Amino acid sequence: MIRAAIATVLALLAVPAQAIEIQDVTSPGGIKAWLVQDDSIPFVALDIQFRGGASMDAEGKRGAVNMMTALLEEGAGSNSATQFAQAVEDLGARLSFSASDDTVSVGFQSLTENRDAAADLLAQALAQPRFDDDALTRVRGQVQAVIRSEATDPNSIAAKEMAAQAWGEHPYATSINGTAESVAALTRQDLVAAKNRVLARDRVVVGAAGDISAEELGLLLDRILGGLPEQATAPLPEQAELQVTGGTTVIDWDSPQTVVAFAGPGIPIDDPDYFAAFVANHILGGGGFSSRLMEEIREKRGLTYGVGTALATGLYGQTWQGGMSGSNATTAEAVELIRAEWARMAEGVTDQELTDAKTYLTGEYPLRFDGNGRIASILAGMQLIGFPIDYIDTRNAKVEAVTSEDVSRVAQRLLDPERLRFVLVGRPEGIESDPVTN
């Protein structure tokens, strides 16, 4: 299942050039990081990303990386779960751990005066997690509850079906949570193995911001990450091959409304046409009430409260996707309108649409650049994706350089309604499933 992690990173990265200095730091132990130093308040934030994420689950162990990540704060070293949480709280620090298809993410925020002590706790969590039986049982129950909830949520059902059709045997095809059966079977040994597949120094990127010098950051990195193995025990995932085909899948669900998910071929971030697609997406469905889909489906016809699209730019595979919900009686009309607008993008966009999109995309992002935690996340994301260190200085120029011809070209290349797959969860009138052929 394509997650929103990379899309979120891209949104954070899309900021206008600012007068900031990014320092390229290498610790004495060889760990690299990017730093924006700001001594105005005695506070530092780190964003630590481990490549591979939940896509590193071993065969037959789906959900292991997600569950392992959730257990990192449930006791470490000599501290039980309760003791560990109390120690973090006593320092006024904040540690966070999360998994996505592409990364395991670790957040660190601390006052300067408590930085080293908080770093020692994080180092224990990463290198010496306890995986105690009581914590394992508790977290397993929490994950199982999420799985049960997703099984009764039409949005989750649609997303899972789309992912299964899109990604075949790749880990993207299934939920990072695993299944009830796979999670029930996970053992402590499986979680240790999952940790060793992901948490290693050769997989890490780090962004840092706040009251810390480059020299101090180098020492802090070794303090936090020096106890991890140099190399992970498994190779990174292969690139996924998009297998989704055009057509419609209907999943029967007793509801007066139908949830609609749709997806077609996407574009990698390093593609020369990426920024043209970025602008095109805003005009098509990413721009809220100013988008074509919202105008045609909501404003003119009242068929939905909201419809949108996004470039899902995973590290290992990409789609151009969207979603909406609407009445069973009018879903068929909405689906045909989406197909029509998908095709119409290839005919070009108006000068006003292009100007408005570029003005928005270059103008609203300073609001996102609003704190050390956010800055650290931006810096880590830039490295994860492979952007150069001067990306913030050059990004807006790349958006401004997009022409209407560029938008038409990328639309002709990617926005083929015959390659657009719909998954409908509900009882839409006048629509039936057609065969899926991969």
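Is E296 buried or exposed? In this predicted model, E296 is buried, at a relative accessible area of 11%.

**View 1. E296 pairs with R301 in a salt bridge.** The closest N and O atoms of E296 and R301 are 3.0 Å apart. E296 counts as buried because its relative accessible area, 11%, falls under 20%. R301 is partly exposed, at 36% relative accessibility.

**View 2. Helix α11 spans residues 292-299 and carries E296 among its buried residues.** R292, L293, M294 and I297 are buried in α11 as well. Which elements do the buried residues of α11 pack against? Two are strands β9 (307-313) and β10 (318-327), and β8 is also on the list. The helices are α10 (274-286), α12 (331-344) and α13 (351-363). An α-helix has 3.6 residues a turn, so residues three or four places apart point the same way.

**View 3. R203 and D202 form a salt bridge.** Their closest N and O atoms lie 4.0 Å apart. R203 is buried, with a relative accessible area of 6%. D202 is partly exposed, at 35% relative accessibility.

**View 4. R427 and D254 meet through their side chains in a salt bridge.** The N to O distance is 3.5 Å. Why does this pair tie together parts that are 173 residues apart in sequence? R427 lies in the segment after β11 (421-426), whereas D254 sits in the loop between β7 (247-252) and β8 (257-265), so the salt bridge links those two parts. R427 is partly exposed, with 41% relative accessibility. D254 counts as exposed because its relative accessibility, 64%, is over 50%.

**View 5. The E296 and R301 salt bridge is shown beside a network of linked pairs.** Which residues does the network join? The members are D271, D273, D406, R409 and R413, connected by salt bridges that share partners. Side chains of opposite charge can pair when their charged atoms come close. The model has 25 salt bridges by the count used here.

**View 6. Residues 37-179 carry a UniProt domain annotation.** The record, an unreviewed entry, names the feature "domain: Peptidase M16 N-terminal". How much of the chain over residues 37-179 is helix, and how much is strand? Helix makes up 45% and strand 17%. The end C-alpha atoms of residues 37-179 are 43 Å apart.

Definitions and conventions:
Residues are numbered from 1 along each chain as its sequence is written. This is a predicted model: local features need pLDDT of at least 70, side-chain atom pairs count only at pLDDT 80 or more; totals for chains, interfaces and linings use all residues. Side-chain values use heavy atoms; hydrogens and water are left out. Buried means under 20% relative accessible area, exposed over 50%, partly exposed in between (1.4 Å probe, protein chains only). Helices (H or I, at least four residues) and strands (E, at least two) are DSSP runs, numbered from the N terminus. Contact means heavy atoms within 4.5 Å. UniProt positions are given in the numbering used here, feature names are shortened, and annotations may be inferred rather than shown by experiment.
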